[in-house]
Amino acid sequence: MGEFILNVNGAPLHVSAPPEESLLSVLRNRLNLTGTKYGCGEGQCGACTVLLNGLATRSCMIPAAAAVKAKIVTIEGLEADGKLSAVQQAFLDEGAFQCGYCTSGMILSATSLLSKTPNPSEEQIVTAMNGNVCRCGTHPRIVNAVGRAAHFAAKGGAR
Ligand code: FES
Ligand code: FES
């Protein structure tokens with residue numbers, strides 16, 4: 001077992017886990033942050049996406065111990081002071097989910113995109129979201145939601 005501290009959603013959290021255990025497993029099974037989902041476990045679906053220093057990262061693909069120096073943000077960390085982030089609100093407004101299993105990963109990927117590209121074209125949105133799989137076929141509404149979030153943020157709405 002290794003002992004280390006992870007910075008998750010702004011809080012230093014003590015973790016006791018084997019060094020090779022994935023960040024996804026540590027988040028879900030040791031820190032009870034179950035908003036991050038297990039899909040394929042092979043880096044192919046995006047359900048497990050979190051932010052590492054602002055960048056969308058597949059948490060199933062990296063050992064948690066490798067993330068000790070990173071700022072980790074999960075879906076639970078996006079809301080602040082009772083307010084949803086612009087992306088979260090836009091997904092709600094557009095109804096951009098059905099079963100919701102892919103939604104956390106989608107929202108984190110979109111958040112990463114908009115932090116680097118605040119006003120993306122539709123093509124840039126499609127390209128950025130392409131690695132996130134939605135089995136319910138809500139991609140058209142997801143693309144609309146990301147565009148809406150960009151518009152909302154540009155007008156000084158939620159983060
Ligand atoms: S569970 Fe990590 S990419 Fe599918
Ligand atoms: S809403 Fe069901 S997998 Fe995307």
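In this predicted model, N7 sits across from K71 of strand β5. That pairing belongs to a parallel arrangement: β1 and β5, the latter covering residues 71-73, are joined by two bridges. On its other partner, β1 runs antiparallel to β2 (residues 11-17), and here the bridges number seven. E3 is part of this second pairing, standing opposite S16 in β2. The two strands make a hairpin with two residues between them, and N9, in the turn, has a positive phi of about 55 degrees.

The side chains of β1 (residues 2-8) follow an alternating pattern. G2, F4, L6 and V8 point to one face and are buried, whereas E3, I5 and N7 point to the other face and are not buried. So the two residues picked out above for their pairing, E3 with S16 and N7 with K71, both belong to the face of β1 that is not buried, given that buried means under 20% relative accessible area.

Helix α1 comes next. Within its span of residues 23-30, L23, L24, S25, V26 and L27 are buried. What do the buried residues of α1 pack against? They pack against β1, β2 and β5, and also against β3 (49-52). Just past the end of α1, N32 takes up a positive phi, this one about 60 degrees.

Now for the nonpolar cores. The largest one has 23 residues, and V87, F91, M106, L114, M129, I142 and V146 are those with the most contacts inside it. Four helices, α2 (86-94), α3 (103-116), α4 (122-129) and α5 (139-154), each put at least two residues into this core. Another core lies apart from it, with 16 residues that include F4, V8, V26 and A64. Of these, F4 and V8 come from the buried face of β1, while V26 is one of the buried residues of α1.

Back in the largest core, M129 is worth a look of its own. Leaving aside residues up to four places away in sequence, M129 touches M106, I142 and V146, which are also listed with M129 among the residues with the most contacts in that core. Its other contacts on this count are S109, A110 and H139.

That leaves the cysteines. How many disulfides are there? The count comes to zero. C102 is buried, with a relative accessible area of 11%, and C134 is buried too, again at 11%.

Definitions and conventions
Residues numbered from 1 in each chain as written. Chains lettered and ligands numbered in written order. Predicted model: local features only at pLDDT ≥ 70, side-chain atom pairs only at ≥ 80, totals over all residues. Heavy atoms only, no water. Core = buried A, V, L, I, M, F, W, Y, C linked by side-chain atoms within 4.5 Å. Buried < 20%, exposed > 50% of the residue type's maximum accessible area, 1.4 Å probe, protein only. Contact = heavy atoms within 4.5 Å. Pairing = 2+ DSSP bridges. Disulfide = S-S within 2.5 Å.
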